[in-house]
Amino acid sequence: MEELIRFLGRVEIFKDCGRGTLEKIAGVCEEKRFGRGAIVYRTGDAPDCFYVLKQGAVSHPSVVGTRGSDDGLVRSPADLFGFAAVVEEMKRRVFTVECLEDTTVYAINGARLREILKMDPATGYAVMQRLAGLMAKAQGFVPARSGSLSIRHAGKIYDPEGIHVVAVEDCSFEVPAGGLCVVVGPSGCGKTTLLNTIAGFDNLTSGEVHLDGQLIAAPGRELKPGPDRIVVFQQGALFPWKTVLDNVTYGPIIQRKMKKKEAVAQALALMEKVGLAGIESQFPGEISSGMRRRVEIVRALVNDPKILLLDEPFRALDALTKSVMHEYLLELYDLSHKTIFFITHDLEEAIFLADLVVIMTTRPGRVKKLIAVDLPRPRTYRMLSSKRFLELKQQTIEGVHEEALKAFEAGERELA
Amino acid sequence: MSAAGFAKWALVLWTILCIGLGFFRFTDTTFPLNPPPGVHGELHIALQAMRAYQFWGAIWIAPAIGLFLLWRMKREVDDEPAVRRRRLERRQPLARRLGKTLLNVHTFRGVLGVLAVLIIWQLAQPLGVPIIKRIPPLSEVVMRFFDDRGLFWRDKYWAGWVISLFRIFSGFILALLIGVPQGLAWGLSRTLKSVSFPVFEIFRPIPPLAFLPAAIYLMPTAELSIIFVIFLGAYFTIVINTINGVYNVDKSMERAALSLGAKRSDVFWKVIFPGTLPSIITGATVGMGITWMVLVAAEMIAGRSGIGFLTWESYTAGDIPQVVVGMASMGVGGAICSAIIWRLGTNLTPWRRLF
Amino acid sequence: MAKILTKPLSAPRAEAAEQPVAYSRRRILWLKTKKALTERYFWLGLLGIFAFFVGWDFAYRFELPRMEKLESPLYTFREFTLPPRGALTYNPAFESKWGYGIWGTAWYTDIGMSVWRISQAFAWSLLGIPIGLLMGWKRSIRDFVFAPFELMRPIPPISWVPLAIVMFPTQEAPIVFLCTIASFFAVTLNTLLGVDSIDPVYFRAARCLGSSEWDIFRHVIIPGAMPFIFTGMLIGLGVAWFSLVGGEIIAGTWGLGYRTMDAYMNVATPQLLIAMFTIGFIGMLMGVGLRMLQRRALAWKAKTGESI
């Protein structure tokens, strides 16, 4: 305890605090150990603690350390990170922080620290000031998560006066902001129809869809697809006549968000970050199908959409490439934490990727079951044989198989 | 032997007979320049001309046999339950279907577009539109066509249709009869193709019209030279399309047939030939368009009857409205012929609509 | 950070760096020629061409029926390559009777006139590309324009000649007009087909990324229709060449088509044959030139490459 108080005394921002305050702070401190590669908190989380590094190294993009540590790296003991938790009026989010070696930190609950500091007005105010100053210097905060999707009693009937095909009937579910929702169902069950409605390519005949509280789809509403809900298509829609770089910079340039040079720089930086460097001047026809899928996803991400819609994107890949692409997608998700709406017919893929699995019946498509997947993130392929995964699969496979049989007997071809 | 098998052999033998006999039988009949007295003198001449070239007339039996075979093939496909079900599913009331196709905004706009062009044409002369004003206006053309000595009532016009159509179909059918087997043979046998194809490629870029003087030398009569040039027009297109069609037949279908125990001839008749049919029909449609163009030019230059000749004659006589009538007739004729070939073709390949 | 995301792609770069021997162009050409020479089909093709010339010669020598006016291939070749009378020597064995060949001016004038007419016509007919693109872009424009277009298309171009002579009183304009009409319809129709052939998914993707209608026209419709536009240009050039011959026969002076008719009238068979083959050859050359252009413009169309 004494040691802890001495250690806290070394922390830059607490240097004016009296012994009493330091004791109280030490009281709310919690020592935590993380192994190498463990994640302290992820992008978009709103941590309620901030951390003082005791020993070890932590990667923290865009941090300005209290001792002027390297950008992106916190190595020195008594360095701080994650102090957004403390400054209460700026409810900012933070980037993922990963431990680069075995690390020990002290976690201090932000709310309690505030109380303690309030009780000591003389130095407490100065501490808060210093923290605010550090915050102002730090760059690149992730904005609050957006993209919560709400589907209420959505229904779609094709050609109501003629052949009257009921594609989707009374679907309702909610996807929280930053969540990964996967819709599973047999071919022809209306999942693509649902996706088209959310994206704005098609109209509903009944029900509503809300994005972040705003109505985006309803019967009779004008169709307006836009860059806040970008689709990654099943067959691939990279423009074959443009190079990879032109494809990726197409969105920002065409929306007049930035000039060409800026857009190119940003696109190259993002591609570098995600490991696609080196293919900028090639045409989509010259790169492999796996790379094409990755480029298409990056093309969508560069536009910073609220929600990313994926229409069976990995359907045409072989199983081995597919498993690598799953992990790739999950890493992108960790990095950006966009809301993702994913469609597939593969149950394992669904459970592996999702936070929320929606099982749809065959035509007419209704929501059969909603499963919340509580597998811990980051997910690895090893989890595919874990007990929890198999339990989840057991819960869902009966329903899916039943629907598959029905679809098979009806011999449905895919609509839309 | 089954009816279809017999028909196939009959087709081959008849074709060889016609071509072989015809080559050695030089009927040197030419048209008398002055038609015999009588109401329908010129029509009479047209019919005589057709009869004179008996082997050209007889060659029309070949397409009859060919159509019979294709009808049998279509019957086989029509018996499939999928095709029957499709036909039942489509049974919406005729009036409603017609209504939907005729009474929508797109047809309306199309009619407006045509009307606009016609109005501009009609008003070009009074308004003084620079180039078009020299063309006689629509009203004059229509009136000249239908009045007392107008072309509508004259034998010359309808006989011209008969003759032109006769030439077209003779040349076209000959192109089909020679071009399709040749294309099939070249598509199947690479050795054969590599020997003959270079020579073929030397002659292909030469427009058929450039052959006209050579054809006039070669052929015994002007009539035959015109038919020869028309034949050339369609022939190259049909051969190229047939070869492409053979190449486009999926190899896996051939292999599937072989592994199911088909003989080589079965593979040809049941897999390769039906698979090539769509391309042949495309080639035939395009070839028909080309033949019509060639016919017009050939008649203008070297003919003594027919619609093209009529147009040229009207021009040299200074009768421009009749020229316009001739042009319109040729347009209509070309469109109708192409449409017939295309319709026939799509009816004979119903599987195309399913996939 | 995680493994897959940040692992840089090394495959394309690495392969490009590993080229042990730099093959010069000359060597590649030599290797290709060697390969072609050992191909069985190459020799068979040559055999076919040789057989054709032999057959031609036989037809001349043995005076096959109806082929009295035909000349032997050698004679035609001499006509083509030797200088006209009095130019170099006075030996009749070494001169060309009609002077129609590479030494006279007539041949070059003919080629020049024909090519000049075709170029004009082709340039005018390229107007069909924007018209076709607009028709494909906006349904309303298509509805209005397509009906009269389809009604005028079946009219054979050659039948326009008398009307063209009436409309344009000059000598050259009717022929150029004729070829323009012929080529225009092909170009427009193919451009329209090209726009129709674009996979609708590209339109959706472009809309998703925030494009306006004009952006879609510029970035999706124009590049997407390019393959068909080139096909249309090739077909249009062919049809225009075709109609040029007819137009020149009927209404022209000087020009390869005119030359065929002129040679026929004067019973100058070598001229006729030379003119015919030149027509074919120039037509083929133009096609080859256009194809080279096509290959450069459509560099993105990879022939090989996995499809998704």
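This note goes through a predicted model, taking its chains, a sheet, the nonpolar cores, two helices and one contact between chains in turn.

1. Chain A combines both kinds of element, with 11 helices and 18 strands. Of its 416 residues, 43% count as buried. When contacts in chain A are restricted to residues at least 6 apart in sequence, 74% of them join residues at least 24 apart.

2. Chain C, by comparison of its own listing, has 14 helices and zero strands, and its pattern read along the sequence is accordingly α-α-α-α-α-α-α-α-α-α-α-α-α-α. Of the 308 residues of chain C, 38% count as buried, and among its contacts with a separation of 6 or more, 64% come from residues 24 or more positions apart.

3. A sheet in chain A deserves a careful look: it is open, has six strands with mixed pairing, and follows the order E14-E15-E16-E11-E17-E18. Strand E14 (229–232) and strand E18 (367–372) of chain A stand at its edges, and because each has a single partner strand, one side of each is left without a neighbour in the sheet. From one strand to the next, the twist averages 15 degrees.

4. Within that sheet, strand E11 (residues 180–184) and strand E17 (residues 356–360) of chain A run parallel and are joined by four bridges. A reader who wishes to follow the pairing residue by residue may start at A:Cys181, whose bridge partner in E17(A) is A:Leu356.

5. The largest nonpolar core has 204 residues, and those with the most contacts inside it are A:Cys181, A:Val182, A:Leu309, A:Phe341, B:Val229, B:Ala298 and C:Ala240. For A:Val182, leaving aside residues up to four places away in sequence, the residues touched are A:Phe342, A:Thr344, A:Ala350, A:Leu353, A:Ala354 and A:Val357. A second core, separate from this one, has 26 residues, including A:Cys29, A:Val40, A:Leu53 and A:Val97.

6. In chain C, the axes of helix H5 (residues 73–81) and helix H14 (residues 269–297) come within 9 Å and cross at roughly 80 degrees; H5(C) and H14(C) are therefore roughly perpendicular to each other. On the side of H5(C) the contact is made by C:Tyr75, C:Thr76, C:Glu79 and C:Phe80, and on the side of H14(C) by C:Pro270, C:Leu273 and C:Ile274. By class, the residues of this contact divide into five nonpolar, one polar and one charged.

7. In chain B, helix H15 has a run of buried residues, namely B:Ile307, B:Gly308, B:Phe309, B:Leu310, B:Thr311, B:Trp312 and B:Tyr315. The buried residues of H15(B) pack against helix H9 (155–188), H14 and H16 of chain B, and also against helix H9 (160–167) of chain C. After H15(B) comes B:Gly318, whose phi is positive, near 85 degrees.

8. The last point concerns the contact of chain B with chain C, which takes 50 residues from chain B and 46 residues from chain C. On the chain B side, the elements that give two or more residues are helix H7 (105–127), helix H10 (190–203), helix H11 (212–218), helix H14 (264–302), helix H15 (307–317) and helix H16 (320–348). H10(B) gives the most to this side, with 10 residues. The side of chain B that touches chain C has 36 nonpolar, 11 polar and three charged residues.

Terms used:
Residues are numbered from 1 along each chain as its sequence is written. Chains are lettered from A and ligands numbered from 1 in the order in which they are written. This is a predicted model: local features need pLDDT of at least 70, side-chain atom pairs count only at pLDDT 80 or more; totals for chains, interfaces and linings use all residues. Two residues are in contact if their C-beta atoms, placed from the backbone, lie within 7 Å. Ala, Val, Leu, Ile, Met, Phe, Trp, Tyr, Cys and Pro count as nonpolar, Asp, Glu, Lys and Arg as charged, and the others, Gly among them, as polar. A residue is buried if 20 or more other C-beta atoms lie within 10 Å of its own, exposed if 12 or fewer, and partly exposed in between; C-beta atoms are placed from the backbone. Two strands pair if DSSP finds at least two bridges between them. Axes are lines fitted to C-alpha atoms, for helices over the stretch in contact, and angles run from 0 to 180 degrees between N-to-C directions. A nonpolar core is a set of buried Ala, Val, Leu, Ile, Met, Phe, Trp, Tyr and Cys residues joined through C-beta atoms within 7 Å. Angles under 35 degrees count as roughly parallel, over 145 as roughly antiparallel, 65 to 115 as roughly perpendicular and the rest as oblique.
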